[in-house]
Amino acid sequence: MSKTIKINRGLDLRLKGELPADATASPVKASIVAIYPDDYPGFTPKPAVHEGDKVNCGDVLLFDKLTPGVKLVSPVSGIVKAIVRGERRKIIRVEVEADKDATTLAKNATPKTDATANAIMASGLWCLMRQRPYDIIPSPDVTPVNIFVTGFDSAPLAPSLSSMVKGMDKELEAGAQALAKLTSGKVFVSTRPDSQINVPACAEHVIIEGAHPAGNPGVQAANIQPVNKGETIWTLDIVTMARIGRLVLDGTVDWNTTVALVGSEVKTPRLITTATGACITPIIKGDVDASSHHIRVISGNVLTGENVGADGFLRYPYRQVTVIPEGDDVDEFMGWASMSPSKMSASRSFLSSLLKGKRFAPDARLNGGRRAMIMSEQYDKVMPMDILPEYLIKAILARDIDQMERLGIYEVAPEDFALCEYVDPSKLELQKIVREGLDYLRKELA
């Protein structure tokens with residue numbers, strides 16, 4: 001039996017370049033893939049390979065110094081092309097040049113019932129889950145009180161997750177059963193009312209209604225059963241649960257991923273199947289024209305994605321590539337203060353607020369300068385969690401641990417503040433502030 005939760009606060013951004021309703025995926029071969037340790041908070045990387053080494057799909061590229069059982073694996077078979085380092089020899093990424101006949105199917109030993117956690121860690125799937133508090137890769141030594149699985153992505157122009165697990169009922173059942181063994185509580189699976197996902201009987205089905213960020217697992221957890229101080233929960237998406245189920249059933253992991261190529265600068269928005277971490281150049285080839293003006297290529301959505309450029313790589317969570325105008329070569333009358341109906345804004349002072357069905361093509365400009373923090377209560381309108389976001393941000397900036405705890409920092413992740421950052425009149429980098437606050441708290445309390 002399912003229950004329905006209505007989320008009343010949030011905001012859906014109406015952007016041009018959405019996927020057609022009948023979109024089907026076409027394959028694009030990945031010649032080079034890259035894994036970025038920074039995409040996996042809490043992971044302290046140490047290389048398991050050297051440049052020039054031959055690797056098979058599923059072989060370990062990096063492992064965690066503090067928890068060696070937690071690993072990042074190669075999504076393809078090929079040669080380690082480069083281990084790119086930055087300042088103080090920090091590992092930026094590991095690049096693997098795929099073989100001509102490269103496989104993305106990793107074969108692992110079929111896990112035993114009492115070794116589910118070890119099997120998931122060995123396969124590399126462990127790093128696709130998150131733990132709260134701190135929004136980091138889960139600690140294998142901690143048993144979560146509940147596990148929350150999101151079955152939809154509500155971010156702007158995001159693809160349907162239900163289409164990615166279509167026909168995988170057995171894998172979903174096995175995945176839910178495996179996760180149930182790792183928690184002392186329940187496995188909650190959240191979907192939209194019109195979802196085609198058959199939720200496994202061993203999981204609690206929750207139907208979520210409302211605007212973005214309703215698809216964020218942390219927002220779902222906060223509205224279903226919030227995490228309290230001293231408790232730990234895990235979050236993941238339905239695709240990862242299906243992958244875990246396949247690992248349990250036949251001991252393999254498919255590192256292919258379905259990515260949506262979307263945005264106002266894309267000629268034909270479409271779905272693409274390629275390898276996890278694939279180079280973006282062949283993905284956007286022929287669909288994006290940058291000859292007339294500057295563009296921004298984002299791995300992810302416009303709120304939380306990474307600006308990677310046309311020659312970058314897919315970044316976790318590997319769901320979409322969004323292409324929008326950069327805006328640095330635009331010269332328009334009145335700039336951000338223009339009253340043009342083509343201007344997208346969350347404010348009702350713009351004419352666009354009257355055009356309910358219109359879709360917009362915003363660029364990447366900041367539209368205004370950074371300034372002192374304004375207590376405008378704008379965050380509260382788009383934050384569907386029982387916290388005081390403005391005061392929490394102030395506590396993080398002040399590094400006041402007691403206040404951070406009282407104001408709910410254990411419940412949040414940077415992605416939960418993405419909409420707050422969008423509507424913020426102060427132009428603060430809220431996601432960066434929250435990430436730094438979580439890292440600081442974890443360091444001080446470890």
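**Surface patch, nonpolar cores and side-chain pairs in the predicted model**

L354 is found in the loop between β21 (320–325) and α7 (378–382). In this model, which is predicted, L354 has a relative accessible area of 66% and is therefore exposed, since residues over 50% are classed in that way. Together with M339, L351 and L355, L354 makes a nonpolar surface patch of about 370 Å².

The interior was examined next. The largest nonpolar core contains 72 residues, and L179 and I238 are those with the most contacts inside it. Helix α5 (residues 238–250) supplies the largest share of this core, namely 6 residues. When residues up to four places away in sequence are not counted, L179 touches M129, I147, V149, V187, L236, M241 and I244. Apart from the largest core lies another, of 50 residues, which includes F188, I396, M404 and Y410.

A174 offers a further view of the interior. A174 is placed in helix α3, and its relative accessible area of 7% means that A174 is buried, the limit for this class being under 20%. Leaving aside residues up to four places away in sequence, the contacts of A174 are with G245, V248 and L249. A174 and P200 are separated by 26 residues in sequence, and their C-alpha atoms are 8.6 Å apart in space.

Charged side chains were then considered, and the count of salt bridges comes to 18. One of these joins K186 to E204, with 3.9 Å between the closest N and O atoms; this pair falls within the 4 Å limit and so qualifies as a salt bridge. Distant parts of the chain are linked by this pair, as K186 lies in the loop between α3 (169–180) and β13 (187–191), E204 lies in strand β14 (residues 204–209), and the two are 18 residues apart. Both partners are partly exposed: K186 has a relative accessible area of 42%, and E204 has one of 32%.

A second salt bridge is formed by the side chains of K229 and E405, at 3.2 Å from N to O. K229 is located in the loop between α4 (217–224) and β15 (233–237), whereas E405 belongs to helix α9 (residues 401–406); the pair links distant parts of the chain, 176 residues apart. The two ends of this bridge fall into separate accessibility classes. K229 counts as exposed because its relative accessibility is 59%, while E405 counts as buried because its relative accessibility is 18%.

In a third salt bridge, R319 is paired with D237, and the closest N and O atoms are 2.8 Å apart. This pair, too, links distant parts of the chain: R319 is in the loop between β20 (306–307) and β21, D237 is in strand β15, and their positions lie 82 residues apart in sequence terms. R319 is classed as buried on account of its 17% relative accessibility, and D237 is likewise buried, with a relative accessible area of 9%. In addition, R132, E415 and D416 are linked in a network of salt bridges.

Aromatic side chains give a count of 5 aromatic pairs. The ring centres of Y134 and Y410 are 6.3 Å apart and their planes stand at 75°, so this pair is edge-to-face. Y134 is in the loop between β11 (130–132) and β12 (146–150), and Y410 is in the loop between α9 and α10 (418–423); the pair links distant parts of the chain, 276 residues apart. Y134 and Y410 are both buried. F148 and F188 form a stacked pair, with 5.1 Å from centre to centre and 10° between the planes. Because F148 lies in strand β12 and F188 in strand β13, this pair ties together parts that are 40 residues apart in sequence. F148 is buried, its relative accessible area being 0%, and F188 is also buried, at 4%. F188 is thus a member of the 50-residue core as well as a partner in the stacked pair. Finally, Y40, Y316 and Y318 form one aromatic cluster.

Terms used:
Residues numbered from 1 in each chain as written. Predicted model: local features only at pLDDT ≥ 70, side-chain atom pairs only at ≥ 80, totals over all residues. Heavy atoms only, no water. Patch = residues over 30% accessible without salt bridge, like charges linked within 9 Å, V, L, I, M, F, W, Y side chains within 5 Å. Areas by Shrake-Rupley, 256 points an atom, 1.4 Å probe, with all protein chains shown as cover. Helix = DSSP H or I, 4+ residues; strand = E, 2+ residues; numbered from the N terminus. Buried < 20%, exposed > 50% of the residue type's maximum accessible area, 1.4 Å probe, protein only. Core = buried A, V, L, I, M, F, W, Y, C linked by side-chain atoms within 4.5 Å. Contact = heavy atoms within 4.5 Å. Phe/Tyr/Trp six-rings, centres within 6.5 Å; stacked < 30°, edge-to-face > 60°.
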